[in-house]
Amino acid sequence: MSEQTQERATPAGRRVVVVGAGMAGVQTAVALREQGFAGTVTLIGAEPHRPYDRPPLSKAVLLGKADGAAFEVDFAALGIELRLGVEVLAVRPADQEVDTADGPVPYDALVLATGAEPIRLPGTEDLPGVHLLRTLDDAERLRPVLADQRDVVVVGAGWIGAEFATAAREAGCAVTVVEAADRPLAGALPAEVAAMMTGWYADAGAVLRTHARVARVEPGAVVLDDGSRLAADAVVVGIGARPATDRLTGSGIALGDHREIVTDDHLRTSAPDVYAVGDCASFPSARYGERLLVHHWDNALQGPRTVAADIVGETPVAYDPVPYFWSEQFGRFVQYAGHHAAADTFLWRGDPTGPAWSVCWLREGRLVALLAVGRPRDLAQGRRLIEAGAAMDPALLADHARPLKAATL
């Protein structure tokens with residue numbers, strides 16, 4: 001530990017409890033040690049598995065190319081106490097305690113990193129053959145489905161539905177994706193952009209059924225509301241996720257419209273000494289002028305540094321990242337940076353029917369969001385330009401032969 005770190009190290013008697021052992025929780029615990037916290041750090045996870053990363057679940061783990069995705073963190077060497085397979089029952093800020101199935105756990109600072117939980121298809125909760133894909137156990141249950149090349153119906157053409165369909169086709173499964181909206185990614189991207197992705201399904205040998213709602217699931221089949229029956233040895237549901245905050249009922253911690261934990265720009269909740277980070281929390285963005293709820297890996301990676309700095313007594317800058325995520329779909333690498341909801345200008349870079357193209361969104365002449373398909377250089381430059389609030393020349397920006405940064409004014 002450097003002299004500078006020792007100078008800001010916190011009293012050894014303080015106790016920080018982190019609830020949630022996913023990316024946000026693990027990174028918070030690690031960041032506390034990196035920033036000189038000398039007290040007790042306890043990481044509580046509901047799953048019995050050693051903490052692991054989630055993105056490989058829909059790729060390498062699902063296809064049997066990896067047995068797991070455990071974080072390469074030496075928790076013992078860092079002095080981080082792991083309590084795994086422990087369910088949190090309630091949070092009592094007035095008493096500074098977390099109630100668990102193993103008894104109460106006191107804290108001086110509490111970090112809620114409970115993530116999000118998948119939305120279930122109504123009426124299918126206890127049906128055999130109906131799967132979610134959120135946890136390591138979910139991926140392990142789906143492995144033999146892909147290994148045996150079963151007929152699969154995917155409900156929902158969002159990010160997770162497309163990623164699972166990609167893996168299932170790679171494994172040789174017959175795949176049908178049903179989507180209630182008129183296009184894939186309807187809740188995430190404008191119609192003109194998502195329309196360009198519709199053909200990816202057929203190119204990969206998957207069937208995409210839009211305007212299709214599930215009426216019921218029967219043994220070996222999915223029945224749609226128009227009476228169609230789709231053969232299904234397995235059904236995978238990917239219709240969204242919601243913040244996992246049910247255990248906060250009665251805690252007095254303020255929740256937002258989506259049942260997410262409402263934080264300030266340092267990720268502090270309405271309760272003293274309680275923070276929230278990752279998929280379970282929203283934060284105010286001065287960059288975009290609204291509160292953001294970001295369900296992506298990069299948010300869970302960045303937010304912990306702000307939380308740790310605040311706990312150790314530093315004065316961190318306001319948490320206002322440029323949201324970023326990626327997805328691998330049907331042989332294409334898709335990346336997105338920013339937030340396009342309030343954009344007033346939309347333009348293409350490249351031919352959207354081809355293998356590589358980008359989309360840019362501007363507001364008052366400044367780049368606010370970018371989607372890149374097979375153009376990682378655009379994404380890297382665009383993310384920096386968004387962070388800088390750079391003014392852009394739309395005509396130059398639309399010229400895909402020019403580097404993105406060459407379009408700045």
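Gly-313 is exposed, with a relative accessible area of 60%. Here, exposed means over 50% relative accessible area, buried means under 20%, and partly exposed is anything in between, using a 1.4 Å probe and protein chains only. You'll find Gly-313 in the loop between helix H7 (297–311) and S22. Helices (H or I, at least four residues) and strands (E, at least two) are DSSP runs, numbered from the N terminus. Phe-37 is 276 residues away from Gly-313 along the chain, yet their C-alpha atoms are separated by 9.6 Å.

A quick word on what you're looking at. This is a predicted model, so local features need pLDDT of at least 70 and side-chain atom pairs count only at pLDDT 80 or more, while totals for chains, interfaces and linings use all residues. Residues are numbered from 1 along each chain as its sequence is written, and side-chain values use heavy atoms, with hydrogens and water left out.

**Strands that pair up**

Let's follow the chain on to S22. Two strands pair if DSSP finds at least two bridges between them. Strand S22 (residues 324–329) and S23 run antiparallel and are joined by 6 bridges. One spot to look at is Gln-329, which stands opposite Arg-332 in S23. The two strands make a hairpin with 2 residues between them, and Phe-330 in that turn has a positive phi of about 50°.

Is strand S23 mostly covered or mostly open? Strand S23 (residues 332–338) is mostly covered, with 6 of its 7 residues buried. S23 also runs antiparallel to S26, with 5 bridges between them. Gly-338 has Ala-369 as its bridge partner in S26.

Another set of strands sits earlier in the chain. Here 3 strands form an open sheet in the order S4-S5-S6, with antiparallel pairing. S4 and strand S6 (103–106) are the edge strands, so called because each pairs on one side only. On average, neighbouring strands of this sheet are turned by 25° against each other, direction ignored. For that angle, axes are lines fitted to C-alpha atoms (for helices, over the stretch in contact), and angles run from 0 to 180 degrees between N-to-C directions. S4 and strand S5 (residues 97–100) are joined by 4 bridges, and Val-91 stands opposite Val-98 in S5.

**Salt bridges**

A salt bridge is a side-chain nitrogen of Lys or Arg within 4 Å of a carboxyl oxygen of Asp or Glu. By this rule the count comes to 22 salt bridges. Here are some of them:

| Pair | Closest N to O distance |
|---|---|
| Arg-247 and Glu-87 | 2.2 Å |
| Arg-216 and Glu-218 | 2.7 Å |
| Arg-229 and Glu-218 | 2.8 Å |

Arg-229 lies in strand S15 (residues 229–231) and Glu-218 in strand S13 (residues 214–218), so this pair ties together parts that are 11 residues apart in sequence. Arg-229 is exposed, at 52% relative accessible area. Glu-218 is partly exposed at 24%, and so is Arg-216 at 43%.

What about Arg-247 and Glu-87, which form a salt bridge? They link distant parts of the chain, 160 residues apart. Arg-247 is in the loop between strand S17 (241–243) and strand S18 (261–262), and Glu-87 is in the loop between strand S3 (80–84) and strand S4 (88–92). Arg-247 is partly exposed, with a relative accessible area of 42%, and Glu-87 is partly exposed too, with 36%.

There's also a network of salt bridges, which links Arg-92, Asp-95, Glu-97 and Asp-99.

**A pocket**

A pocket is defined on a 1 Å grid over the protein atoms alone: it is an open set of points where a 1.4 Å probe fits, with protein on both sides within 12 Å along at least five of seven lines, and lining residues have an atom within 4 Å of a point. The second largest pocket has a volume of about 220 Å³, a volume being the space filled by probe spheres set on the points, which are joined across faces, edges and corners.

Which residues are the closest to the pocket's centre? Of the 15 that line it, they are Arg-287, Arg-363, Arg-366, Leu-367 and Val-368. Strand S26 (366–373) and helix H8 (376–388) are the elements that give two or more residues to the lining. The largest share, 3 residues, comes from S26.

By class, the lining has 7 nonpolar, 2 polar and 6 charged residues. Nonpolar covers Ala, Val, Leu, Ile, Met, Phe, Trp, Tyr, Cys and Pro, charged covers Asp, Glu, Lys and Arg, and the others, Gly among them, count as polar.
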